[in-house]
Amino acid sequence: MANVLTLEKKKEITSAEKKVNGFMTRNRKPILIVAIVLILAAIGICVYVGIMDSQRKAGIAAVDEIEYKYTNGFDALTEEEIVARQNEAMDSLSSYTDKKGVVGVRANMLAADISFAKKDYLGSKDYWIAAAEADTKAYTSPICYYNAGVCYEESGDSQTAATYYQKAVDNDSFLMEPRALMGIARAKEASGDYAGAAESYQKMVDDFSSDEWTDLAQTRLIQLQIEGKISK
């Protein structure tokens with residue numbers, strides 16, 4: 001009985017093999033084409049990843065070189081030499097400020113720093129925002145939004161400054177929330193939104209009792225009450 005079962009199994013296997021072989025024979029060209037396409041796709045992905053990684057490293061190295069040329073021996077430069085360095089660095093960075101990822105972040109942050117040093121606050125805020133948006137998941141993103149708020153405040157646009165300080169606060173990775181809340185409160189006071197300012201001051205008092213900014217926030221709350229700008 002065992003031999004009969006073995007023979008039957010062999011017949012089934014042989015029949016299945018014939019069907020598979022027949023299918024492979026009839027469809028060998030389409031199967032071969034699919035296999036080639038898959039292999040080429042895999043190779044293409046590997047090449048693409050390799051190229052992107054190479055470009056990223058080259059971009060980082062280029063921005064590092066620009067920064068080094070800009071800052072090297074900076075303290076000993078004359079005013080004219082500083083301006084020349086700034087202009088040279090900005091010209092060199094223009095090839096990288098439209099990039100995404102870490103290259104775009106670093107290029108735009110350096111351009112923002114240079115613009116801020118030149119007191120070009122409107123230009124600086126554009127670069128800070130571009131740096132934040134080049135990689136919104138990076139830890140630098142909320143820092144860049146905060147700095148954009150500083151630039152708006154310096155240029156006299158308190159309302160928009162408060163908006164960008166808030167964008168920094170809303171990011172869980174931001175580690176300077178008390179300072180940003182102070183910026184929000186200060187900007188709202190400047191624009192006449194005393195209730196909004198008081199809300200930010202109160203949040204500092206409630207959430208950051210041991211922070212160095214808390215005493216200042218408490219003082220401003222009391223002053224706003226004394227001046228009748230908010231209710232006691």
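## Exercises on a predicted helical model

R220 has a relative accessible area of 22%, which makes it partly exposed. Keep this residue in mind as you work through the exercises; the model is a predicted one.

**Exercise 1.** Find out how many helices and strands the protein has.

*Solution.* Start by going along the chain from the N terminus: the elements run α-α-α-α-α-α-α-α-α-α. Now count by type: there are 10 helices and zero strands.

**Exercise 2.** Work out which helices R220 and its salt-bridge partner E189 lie in, and whether E189 is buried or exposed.

*Solution.* Step one is the contact itself: the side chains of E189 and R220 meet in a salt bridge, 2.6 Å from N to O. Step two places the partners: E189 belongs to helix α8 and R220 to helix α10, so the pair ties together parts that are 31 residues apart in sequence. Step three is the burial of E189. Buried means under 20% relative accessible area, and E189 has 16%, so E189 is buried. R220, at 22%, is partly exposed.

**Exercise 3.** Describe the largest nonpolar core and find which residues Y201 touches.

*Solution.* Begin with the size: the largest nonpolar core has 34 residues. Y201 is among those with the most contacts inside it, alongside W128, Y146, Y164, A217 and L221. Next, look at the elements: those giving two or more residues to this core are α5 (121–134), α6 (140–154), α7 (158–169), α8 (177–190), α9 (194–207) and α10 (214–226). Then zoom in on Y201. Leaving aside residues up to four places away in sequence, Y201 touches M182, A185, R186, E189, A217, R220, L221 and L224. Here you meet both partners of the salt bridge from Exercise 2, E189 and R220, again. Finally, another core of 12 residues lies apart from the largest one, and includes I66, V103, A107 and A111.

**Exercise 4.** Decide how the rings of Y146 and Y165 are arranged.

*Solution.* A pair of aromatic rings is described by the distance of the centres and the angle of the planes. For Y146 and Y165, the centres are 5.2 Å apart and the planes stand at 50 degrees, so the pair is tilted. Y146 sits in helix α6 and Y165 in helix α7, so the pair ties together parts 19 residues apart in sequence. Both Y146 and Y165 are buried.

**Exercise 5.** Find what lies over the face of Y145, and which rings Y145 is linked with.

*Solution.* First, the face: K167 lies over it, at 4.6 Å from the ring centre. Second, the ring pairs: they link Y145, Y152 and Y164 into a cluster.

Definitions and conventions:
Residues numbered from 1 in each chain as written. Predicted model: local features only at pLDDT ≥ 70, side-chain atom pairs only at ≥ 80, totals over all residues. Heavy atoms only, no water. Helix = DSSP H or I, 4+ residues; strand = E, 2+ residues; numbered from the N terminus. Core = buried A, V, L, I, M, F, W, Y, C linked by side-chain atoms within 4.5 Å. Buried < 20%, exposed > 50% of the residue type's maximum accessible area, 1.4 Å probe, protein only. Contact = heavy atoms within 4.5 Å. Phe/Tyr/Trp six-rings, centres within 6.5 Å; stacked < 30°, edge-to-face > 60°. Lys NZ or Arg CZ within 6 Å of the ring centre and 35° of its normal. Salt bridge = Lys/Arg side-chain N within 4 Å of Asp/Glu carboxyl O.
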